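Grab a pencil and try these short exercises on a protein model. Each one comes with a worked solution, so have a go before you read on.

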Amino acid sequence: MSPNEPSLSSSPPSSSLQEGPSSSSTTTTTSTTCNTTNNNNNNNHATSKLLDVILKPKYVLDAPHPCLAPTIAPSSTEATTTSSNTTTTTNHQKTNRHKQNVKNSQKRSRETTLSDLKMCKQLMVGNQCPFGDNCKYSHDIKELLSMRQDDIPGVKGGCPHYRIHGKCPYGIACRVGGEHLNLATGENLPRQVKTEREEEGDATHQQHPPPHVMNNLDYSVLVSLRKKKYPFVCQRHVRGTSKSKQNHDVNNTTDSNSNSNSNSNSNGNSDTVEEELKHQNDNVHVEEHGQDDVKQEEPTAPTARSTSTTLKTTTTDQAMDLSPLPKMKKLIDFRNKVYVAPLTTVGNLPFRRVMKRYGADITCGEMAVAFNLLQGKAGEWALLKRHKDEDVFGIQIAAPHGDVYERISELIKNENIEIDFLDMNLGCPIDVICKTGAGARLMQRDHNLRDAIKGMGKHLSCPITVKIRTGWDENKPFAHNLVPKIQKWAMGNVGAVMVHGRSRLQRYSKLADWDYIQKVANSQSCDLERLPIIGNGDIFSYVDYEEKVLGHEALSPTAMIGRGALIKPWLPTEIKERRHWDISATERLDILKDFVSFGLEHWGSDTHGVNTTRRFLLEWLSFLCRYVPVGLLEESSIPQQMNQRPPRFMCGRSDLETLMMSGNSADWIKISEMLLGPVGEGFEFQPKHKATSYK
């Protein structure tokens, strides 16, 4: 960031978030009635209509700018698909659309890379092949060099692996390998890399250097998960049986000593019959068909042996409580910090590193589906990876049942997954997630949520955070009834509750209701320890932060940003320095160069890694194009609001700025070619997330 950047704020820059609201923000009353809430909702819906941002007249055009790619008319198949998407969707239509997407993905041509050829991988990297002449793969270096593509020019820092580790693991296949390859012989040249601590003579650091990316699960653990042989302590809950039948089975187990002893030994959860019974009674939960709550029934009569054992334990342990003390949680102070919310697809590790450079304090990984983690899917475990620059980092898990959450916490504890908090996803509105009982559907299943919080508290040493929405339907919000229950179940395990000011059915089509978030915060019981309530929704500038967060006294002063970070990755800097940054197009291109460098380091510098980096870059550009530079706006439109949209035809102060404001995917591909080289013939891109709120 240049110190000569123009500032539209008269206040001096500040390195931390402000303690109080600005003079223009107004505080809201903490007590609201049902009628007032309904009126606020009506006003909120009235102002949620998409508005046009007002540009200076010289930047508004009547036709597309000549530097932009021509808009291609959609084909008949695409037009049919678009028309079907605009109509009222039913379950049948959604199924057909899903099948069509799968069919389209199967038609995509995959570019052939050097790694796909039958060349010896050891030779490509520069190592000596252990099989020699008996190797079944080709050792023809000249043929391999003749097929090698040209290096990508202009990548910031060159090959990231060679720069950081001293040797590139991709060898000849590296697309930025000009500095570490002998193109005449194909030799992969290493170099000596010394860190600051090594130069100071730290012998321990030389022998065991800290990894740049943490939370890499061992392959043997993935195999044991896939084969369902991982030694979990928490057993899966039984479904489809009545509780009385389970208690009858438990009593039958008590009568047969041999069977009970064999069961306890095989499970490894207890050494005696009584402990096994206690474990089953504590962990077995039933879901009746058509009901979300478990009915409380009278306990069955204890057997003679269990009664005698209970009498002995009460007499011997009456004077001393031998129960284990609760584990102390490592608390996180969310106050006066910028928290980048979990963002599916685009909130990857390279993106989070960019956000850290521009002032983000807390980052969180993408939503990971618990069932995929328990099945040992490497792609899902990759979402939990953490870079060393992320000093405060959390992961977000979506699961439908308490036992699933507890098993995930066991894995995190046993495999030393380094996280500072675990975020429970109770806000995902996607149908595929909600149909399993996870995401926003878990808000309606109190017993599952309670079991999850209590179960994870047994294993995790870090706090739990809960991300919720206002409810399922905007007309019947119930978050103000759910938060007091979470407060009761917290028992020192919950560090904060994040409330997204929209319902599940709203998604992102209307403005967030911050007055209702205030009501949720005030619904907590005064007799219990209050949980920090962090609001989320439509923070797009420091003015929004001061009005929506600091303007509601009951909320935690935390700037939790989501789409605002995707559109303006420099938003944390604006919030902390309380100014509207008129960032230039060249500076924005430098942000993309950093992302490309981080992407090649994370996904690889071969052709496959370049294609993956390009794909996620294009996904991000589909959000970045929504930003309108401050210098183009009329004073009345500063700052740009989340529900404001630019005019159809406009231009910037340079061709590069005009190109970055284009909503045409062909122009996004042109930007990617400036950073990652030309694409293959017939390459097309359609964004994965098509926001209806932007139409």
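**Exercise 1.** Is Cys-364 buried or exposed in this predicted model?

*Solution.* Start with the number: Cys-364 has a relative accessibility of 3%. Now bring in the cut-off, since buried means under 20% relative accessible area. Cys-364 therefore counts as buried. Try Cys-234 in the same way: with a relative accessible area of 1%, Cys-234 is buried too. Finally, look for disulfides: the count comes to 0.

**Exercise 2.** Find the largest nonpolar core and say which helix gives the most to it.

*Solution.* First, the core itself: it has 124 residues. Next, pick out the residues with the most contacts inside it, which are Met-424, Ile-468, Leu-592 and Trp-620. Then check the helices: helix 25, covering residues 585-603, gives the most to this core, with 9 residues. There's also a second, separate core of 11 residues, and Cys-364 from Exercise 1 is one of them, along with Phe-334, Ala-341 and Ile-534.

**Exercise 3.** Which residues is Trp-620 in contact with, leaving aside neighbours within four places in sequence?

*Solution.* Go through them in order: Val-346, Phe-351 and Val-354 come up, then Leu-566 and Pro-569, and then Ile-591, Leu-592 and Phe-595.

**Exercise 4.** Where is Thr-658, and what does it touch?

*Solution.* Step one: Thr-658 sits in helix 27, residues 655-660. Step two: its relative accessible area is 2%, so Thr-658 is buried. Step three: skip residues up to four places away in sequence, and Thr-658 touches His-65, Cys-67 and Leu-68, plus Met-650, Cys-651 and Gly-652.

Note on methods:
Residues numbered from 1 in each chain as written. Predicted model: local features only at pLDDT ≥ 70, side-chain atom pairs only at ≥ 80, totals over all residues. Heavy atoms only, no water. Core = buried A, V, L, I, M, F, W, Y, C linked by side-chain atoms within 4.5 Å. Buried < 20%, exposed > 50% of the residue type's maximum accessible area, 1.4 Å probe, protein only. Helix = DSSP H or I, 4+ residues; strand = E, 2+ residues; numbered from the N terminus. Contact = heavy atoms within 4.5 Å. Disulfide = S-S within 2.5 Å.
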